[in-house]
Each structure stands twice: as structure tokens, then as C-alpha cells.
Amino acid sequence: MSIIRRQTPMTSSDVFRQFDRMFDDWMRAFPARTWDQPALRAPEEVIKVDEYRENGDLVIKAEMPGIDPEKDLDLTVADGILVLRAERKVTEDTEDKGYHRHELRYGTFSRRLPLPDGVDPGSVTASYKDGMLTVRVPMPEAEKGPEPTTIAIEKG
């Protein structure tokens, strides 16, 4: 008697999700070193975000556990780009613990997100609760162009 194992076919989103996970793991395998030349610096860790529309606003939620938003978080808007930059510092009590596994990430984390055209940087707000940063970007009113012109069609 043989056992036949049925597998559920993978969807394209499953394949992309698996590829993203493999790529993230591969990128994390590189040691984070800083050299004298800025062009040769290792990439910073990327902040993961969700973006969606809610009540006319663009809402951006970012995972940022283990930081003090007043000391370790910078948010800026310049030239239509929202820049999230955070730093998670290693505390003295975590240095020599004889780790068996050390997977938590420390250091600088950043993300640059393009904003829609016409966003007023002064209207962007942010809040932080339970390790989640929520940024609200009020969307500008869509500019209405001139009314369409109806063109007569001649028979001929």
C-alpha cells in the first residue's frame, strides 16, 4: 500500500510571498558592516509597512517594536517622500548573556515612501502605540479639469 500525498496548488501570490521571504533571509545573511566610503555601506534594515486609504486619508502603518518614539524615531517629508528612520539600540544587559539564538535586529531601520502629488507636508500626522507607528496623510482634492467638449460628427 502506498500513500499518496495531495498538495494544494500554489497561487501566484503564494509564490511571490515565498520569494520575498527567501530574499529577506538572503539579505539578512550579509554581515552589516560600515566602510569609509558611503557607496560601499551595507543596506539598512527596511521597515515593513501597510498602506491603505481610509476616510480620504492615506494611512501608513509601520512595525516598530522596541523603540522609544520620542528618542529613537525620526519622520520627515521632503520633495514628496516620507522618510521613516528608527534606531533600536542594544542595551547593556543584553551584551554577554551566552545566547543560544540571537535573532532580534538592532541598529538603524529606515524606509522611504513616495507620497501622492499635492500632499501638504504640514498636514501629515503620526501616532505610536504598542509597537505600531500610524502615519495619516490627508489626500489633496483632485483637480477638476475643464468639462469635456462634445464634437459634432458630420455624415459624408
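**Exercise 1. Find the elements with the lowest and the highest mean pLDDT, then judge the whole model.**

Step 1. The model is predicted, so pLDDT (the predictor's confidence in each residue, from 0 to 100) comes with it. Strand E1 (residues 45-46) has the lowest mean pLDDT among the elements, 70. Strand E8 (residues 132-138) has the highest, 96.

Step 2. Take the whole protein. The average pLDDT is 79, and 73% of the residues score at least 70.

Step 3. Look at residues 31-43. Their pLDDT stays under 50. The model has 10 contacts (heavy atoms within 4.5 Å) for them beyond four places in sequence.

Step 4. Note the ground rules. Residues are numbered from 1 along each chain as its sequence is written, and side-chain values use heavy atoms, with hydrogens and water left out. In this predicted model, local features need pLDDT of at least 70 and side-chain atom pairs count only at pLDDT 80 or more, while totals for chains, interfaces and linings use all residues.

**Exercise 2. Write down the order of helices and strands.**

Step 1. Count the elements. There are two helices and eight strands. These are DSSP runs: helices (H or I) of at least four residues, strands (E) of at least two, numbered from the N terminus.

Step 2. Read along the sequence. The pattern is α-β-β-β-α-β-β-β-β-β.

**Exercise 3. Locate the largest nonpolar core.**

Step 1. Know the term. A nonpolar core is a set of buried Ala, Val, Leu, Ile, Met, Phe, Trp, Tyr and Cys residues joined through side-chain atoms within 4.5 Å. Buried means under 20% relative accessible area (1.4 Å probe, protein chains only); exposed is over 50%, partly exposed in between.

Step 2. Find the core. The largest one has 18 residues, and Met 64 and Leu 84 have the most contacts inside it. Strands E3 (57-63), E5 (81-88), E6 (107-114) and E8 each supply at least two residues of this core.

Step 3. Follow Leu 84. Beyond its neighbours within four places in sequence, its contacts include Ile 47, Met 64, Phe 109 and Val 135.

Step 4. Recall the general trend. In soluble globular proteins, nonpolar side chains tend to be buried together.

**Exercise 4. Decide whether Asp 72 is buried or exposed.**

Step 1. Place the residue. Asp 72 is found in helix H2 (residues 69-72).

Step 2. Check its accessibility. Asp 72 counts as buried because its relative accessibility is 14%.

Step 3. List its partners. Leaving aside neighbours within four places in sequence, Asp 72 is in contact with Ile 67, Arg 85, Ala 86, Glu 87 and Lys 89.
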